[in-house]
Amino acid sequence: MPNVRIRLLEDVPPSEAGRLASQLAALDVLPEQRDFSGSPASVVKRGVDDPTRRTFVILVERTDGPPEPVGVGALHPDAAGRSVYPGPHVLLRGLSIDARHQGRGIGTAAVTLAVELAARVAPDARAVVLRVHRRNAAARRAYARAGFAATGQSIDGPTGVEEVMVRRLDGRGTAGQGAGVLGRSGAGSQAAR
Ligand SMILES: CC(C)(COP(=O)(O)OP(=O)(O)OC[C@H]1O[C@@H](n2cnc3c(N)ncnc32)[C@H](O)[C@@H]1OP(=O)(O)O)[C@@H](O)C(=O)NCCC(=O)NCCS
């Protein structure tokens with residue numbers, strides 16, 4: 001089971017940024033997944049264009065070298081609760097894992113870590129909220145394993161019907177504090193239900 005970490009791009013020192021940018025540019029999702037998410041590079045670009053989106057990189061530890069970037073995601077605090085959830089919350093957006101690394105538990109682990117990071121970047125937030133394409137069974141499964149539940153709300157998104165899922169932050173085991181790099185080994189064992 002891969003040992004997964006996530007790290008905010010804003011915490012990456014300039015000396016590492018160039019190498020990381022070229023590594024992220026080499027990642028991509030499958031063509032049939034483009035309705036669900038853009039490429040990791042496009043998610044990063046959206047974060048550059050809108051710095052209120054706190055973009056994070058998903059890394060897998062290696063025994064023979066530095067951690068390998070395999071995907072990205074973004075946390076978008078909505079303090080006013082203007083979108084699909086009333087009250088302060090964080091939107092989890094653009095989760096995108098390179099096709100060669102999918103199906104190994106990395107997505108589930110990264111979502112669990114993203115919930116902990118959300119509690120740290122937006123201490124007043126009451127929930128992490130996301131929209132997921134109804135046809136995106138793998139993502140819905142990863143979110144459910146990380147403790148998200150469907151609200152029953154559906155939205156007409158740009159490429160089809162999307163469902164709203166929520167993970168409350170006032171429950172048990174969600175308010176992770178600490179270092180800029182969060183880490184976790186494996187996926188299933190830490191899924192908060
Ligand atoms: C969605 C995504 C982030 C999941 O990441 P991942 O590393 O592949 O996820 P995991 O390996 O943790 O698998 C999650 C679950 O989905 C299941 N799954 C994988 N592919 C599946 C499929 N085609 N249909 C149904 N379930 C599937 C896995 O079996 C696993 O469930 P399990 O733990 O009960 O076995 C990744 O597939 C991805 O980047 N997809 C393209 C972009 C995208 O869809 N982003 C989400 C936008 S909301």
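Biologist: Which helix gives the most to the shell around the ligand?
Modeller: Helix 4 does, with 6 residues. Keep in mind that this is a predicted model.

Biologist: OK. How many residues surround the ligand, and which are the closest?
Modeller: There are 24 around the ligand. The closest are Phe36, Gln102, Gly107, Thr108 and Ala138.

Biologist: Which elements supply at least two residues of that shell?
Modeller: Strand 4 (89-97), helix 3 (106-121) and helix 4 (137-145) each do.

Biologist: And by class, what does the shell have?
Modeller: It has 11 nonpolar, 10 polar and 3 charged residues.

Biologist: Back to helix 4. Which of its residues are buried?
Modeller: Those are Ala139, Ala142, Tyr143 and Arg145. Looking down the helix axis, they fall within an arc of 165°, so they line one face of helix 4.

Biologist: What covers those buried residues?
Modeller: The cover includes helix 3, strand 5 (127-133) and strand 7 (160-168).

Biologist: And which exposed residues sit on the face turned away from the buried side?
Modeller: Ala137 and Arg141 are the exposed residues carried there.

Biologist: What follows helix 4?
Modeller: Glycine 147 does, and its phi is positive, near 95°.

Biologist: Switching topic: which residues touch the most other members in the largest nonpolar core?
Modeller: Ile58, Ala110, Ala114, Ala118 and Tyr143, out of 45 residues in that core. Helix 3 provides the largest share of the core, 9 residues. Tyr143 is also one of the buried residues of helix 4.

Biologist: Take alanine 110, then. What does it touch, leaving out residues up to four places away in sequence?
Modeller: Alanine 110 touches Val4, Ile6, Ile58, Gly71 and Gly73.

Biologist: Leucine 113 caught my eye too. Where does it lie?
Modeller: Leucine 113 is in helix 3.

Biologist: Buried or exposed?
Modeller: Leucine 113 counts as buried because it has 24 C-beta neighbours inside 10 Å, and the cut-off for buried is 20 or more.

Biologist: How many residues apart in sequence are leucine 113 and isoleucine 58?
Modeller: They are 55 residues apart in sequence, and their C-alpha atoms are 9.6 Å apart in space.

Biologist: Now the strands. Why is strand 3 described as largely enclosed by the rest of the structure?
Modeller: Strand 3 covers residues 68-78, and 8 of its 11 residues are buried, so the rest of the structure largely encloses it.

Biologist: Which sense does its pairing with strand 2 have, parallel or antiparallel?
Modeller: Antiparallel: strand 2 (residues 54-60) and strand 3 pair over 7 bridges. Within that, valine 57 has valine 72 of strand 3 as its bridge partner.

Biologist: And how many bridges link strand 3 and strand 4?
Modeller: There are 7 bridges, and that pairing is antiparallel. Here leucine 75 has leucine 92 of strand 4 as its bridge partner. Strand 4 is also among the elements that supply at least two residues of the ligand shell.

Biologist: Zooming out, how many helices and strands does the protein chain have?
Modeller: It comes to 4 helices and 8 strands. From the N terminus on, the order is β-α-α-β-β-β-α-β-α-β-β-β.

Biologist: What percentage of the chain is buried?
Modeller: Buried residues make up 37% of the 193 residues.

Biologist: Last one: of the contacts with a separation of 6 or more, what percentage comes from residues 24 or more positions apart?
Modeller: Those account for 69% of them in the protein chain.

Terms used:
Residues numbered from 1 in each chain as written. Predicted model: local features only at pLDDT ≥ 70, side-chain atom pairs only at ≥ 80, totals over all residues. Near = placed C-beta within 6 Å. Nonpolar A, V, L, I, M, F, W, Y, C, P; charged D, E, K, R; others polar. Buried ≥ 20, exposed ≤ 12 C-beta atoms within 10 Å, placed from the backbone. Pairing = 2+ DSSP bridges. Contact = placed C-beta atoms within 7 Å. Core = buried A, V, L, I, M, F, W, Y, C linked by C-beta atoms within 7 Å. Arc of directions from axis to C-beta.
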